[in-house]
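Below are some comments on the model you sent, set out as numbered points. Please read them with the coordinates open.

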Amino acid sequence: MHKITITRPDDWHLHLRDGEALKAVLPDTAHRFARAIVMPNLRPPVTTIALAAEYRQRILDALPTATVRTEPVEGDDLSTLRQAQCERSGELNFEPLMTLYLTDNTSIKDVEEAKASGFVKAFKLYPAGATTNSDSGVTSLDKCAAALSAMEKLGMPLLVHAEVTDADVDVFDREKVFIDRHMKPLLVKYPALKVVFEHITTKDAAEFVASAPANVAATITPHHLLMNRNAMFTGGIRPHHYCLPILKREEHRVALVKVATSGSPKFFLGTDSAPHAKSAKESACGCAGMYSAHAGIELYAEVFETANALHKLEGFASFYGADFYGLPRNTDQITLVKEVWSVPAEIAFADEVLVPLRAGQTVAWKIV
Ligand code: NCD
Ligand code: ZN
């Protein structure tokens with residue numbers, strides 16, 4: 001197959017940052033995806049409806065209005081026409097779906113207001129200290145009991161960065177240990193809570209989610225489907241392949257590909273595209289996060305093609321996430337062609353640059 005047309009996908013886990021950085025990265029996502037679940041780990045974190053409303057407006061204001069093409073030309077397919085139309089009207093038809101950062105102090109009222117707002121779609125649980133900008137995260141799930149009960153009652157999804165933070169737990173085991181210590185007890189206490197196990201990276205997480213009830217789902221990133229932990233050390237240390245949860249052994253990557261391409265509605269697309277300036281990555285203490293929005297659907301096409309499962313891409317990328325969140329599926333389409341293109345070595349990022357995934361290398365699929 002050299003060409004595939006699918007319903008326009010959504011990204012169910014995305015870091016957009018803020019200010020000039022937001023302006024630099026947003027077009028990559030908005031050109032591919034109709035909607036994205038926007039992570040709240042700004043500094044300070046997005047903990048209230050008011051902060052989420054302001055952040056949402058800044059995202060909408062940052063949407064590209066520049067007209068790339070004004071008139072459709074002969075041979076344009078529907079998605080190109082749609083894009084040209086949006087560009088003509090000065091907007092990219094992209095909807096940010098907002099999340100609130102769960103803290104020890106999140107109240108029942110916060111949850112009720114979030115639900116009533118319509119634009120906040122979930123709460124994000126970062127164990128304190130687990131990853132980039134997580135120092136205001138949850139110190140103990142017991143402190144969130146009231147908020148979690150309210151979420152369960154109102155059908156408000158909890159998105160979980162599922163890693164323990166204990167220094168004495170090996171960094172490669174932190175997801176697996178979280179399942180037994182926190183995920184299982186959480187679901188015993190709140191059996192009807194909608195939970196997205198974010199960016200799963202292990203066979204253990206894949207099996208856990210596959211055998212859990214329908215209110216438990218998972219997102220999977222392109223990098224965890226494409227790379228194992230060797231990618232951090234190919235010929236030397238590779239800071240641009242450092243992210244959290246960290247890349248794992250090959251057997252885990254294989255398990256992730258298996259569930260992603262299985263057609264199970266419990267697994268859906270979440271890039272976890274997490275831009276950091278090159279200087280912050282290439283440092284004595286480099287930040288965690290990979291930037292993949294520039295090829296946010298194309299990289300998944302590579303994975304699904306290699307697994308002989310291109311026909312399963314649409315469900316994973318465009319249907320199951322919307323279904324889980326109770327949102328309508330998108331109605332327009334995108335087309336991908338099998339055509340090699342080169343990823344630039346660097347992309348402008350506010351007054352710095354960032355190094356995208358596959359920098360200086362090629363991607364096998366291209367969005368039309
Ligand atoms: C993310 C970031 O940079 O905000 N980093 C990452 O490695 N994925 C945070 C996160 O999702 O853990
Ligand atoms: Zn993330």
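1. In this predicted model, the zinc ion (ligand 2) takes its protein donors from His 13 (NE2), His 15 (NE2) and Asp 272 (OD), which lie 2.0 to 2.1 Å from the ion. Along the sequence these donor residues follow the spacing H-x1-H-x256-D.

2. The geometry at the metal deserves a careful look, because the four donor atoms around the zinc ion (ligand 2) subtend angles of 91 to 141 degrees and the arrangement is therefore irregular. The tetrahedral label requires that all angles lie between 85 and 135 degrees, and for four tetrahedral donors the ideal angle is 109.5 degrees.

3. Both histidine donors are shielded by the protein: His 13 counts as buried at 1% relative accessibility, and His 15 is likewise buried, with a relative accessible area of 7%.

4. Eight strands make up an open sheet with parallel pairing, in the order S2-S3-S4-S5-S6-S7-S8-S9. Strand S2 (11–14) and strand S9 (267–269) stand at its edges, and because each has a single partner strand, one side of each is left without a neighbour in the sheet. From one strand to the next, the twist averages 30 degrees.

5. Within that sheet, strand S3 (residues 35–38) and strand S4 (residues 95–101) run parallel and are joined by four bridges, with Pro 96 in S4 as the bridge partner of Ala 36. Helix H2 (residues 49–62) packs on the sheet, where it touches S3, S4 and strand S5 (120–125), and its direction makes about 150 degrees with that of S4. Helix H7 (residues 203–211) also packs on the sheet, touching strand S7 (195–197), strand S8 (216–220) and S9, at about 145 degrees to the direction of S8.

6. A further open sheet has three strands in the order S1-S10-S13, with antiparallel pairing. Strand S1 (3–7) and strand S13 (362–367) are at the edges, each with a single partner strand, so one side of each is left without a neighbour in the sheet. Direction ignored, neighbouring strands here are turned by 35 degrees against each other on average. Helix H11 (residues 298–306) packs on this sheet, touching S10 and S13, and its direction makes about 105 degrees with that of S13, while helix H12 (residues 313–325) lies across S1 and S10 and runs at about 25 degrees to S1.

7. The antiparallel pairing of S1 with strand S10 (residues 333–342) extends over five bridges, and Leu 336 in S10 is the bridge partner of Ile 4. Thr 335, also placed in strand S10, counts as buried at 5% relative accessibility, and its side chain makes a polar contact of 2.8 Å with the side chain of Thr 5.

Key:
Residues numbered from 1 in each chain as written. Chains lettered and ligands numbered in written order. Predicted model: local features only at pLDDT ≥ 70, side-chain atom pairs only at ≥ 80, totals over all residues. Heavy atoms only, no water. Donors = N, O, S within 2.8 Å, 3.2 Å for Na, K, Ca; no water. Tetrahedral: all angles 85-135°; square planar, octahedral: opposite > 155°, others 65-115°. Buried < 20%, exposed > 50% of the residue type's maximum accessible area, 1.4 Å probe, protein only. Pairing = 2+ DSSP bridges. Helix = DSSP H or I, 4+ residues; strand = E, 2+ residues; numbered from the N terminus. Axes fitted to C-alpha atoms, helices over the stretch in contact; angles between N-to-C directions. Contact = heavy atoms within 4.5 Å. Polar contact = N/O pair within 3.5 Å; in protein donor to acceptor, adjacent residues only side chain to side chain.
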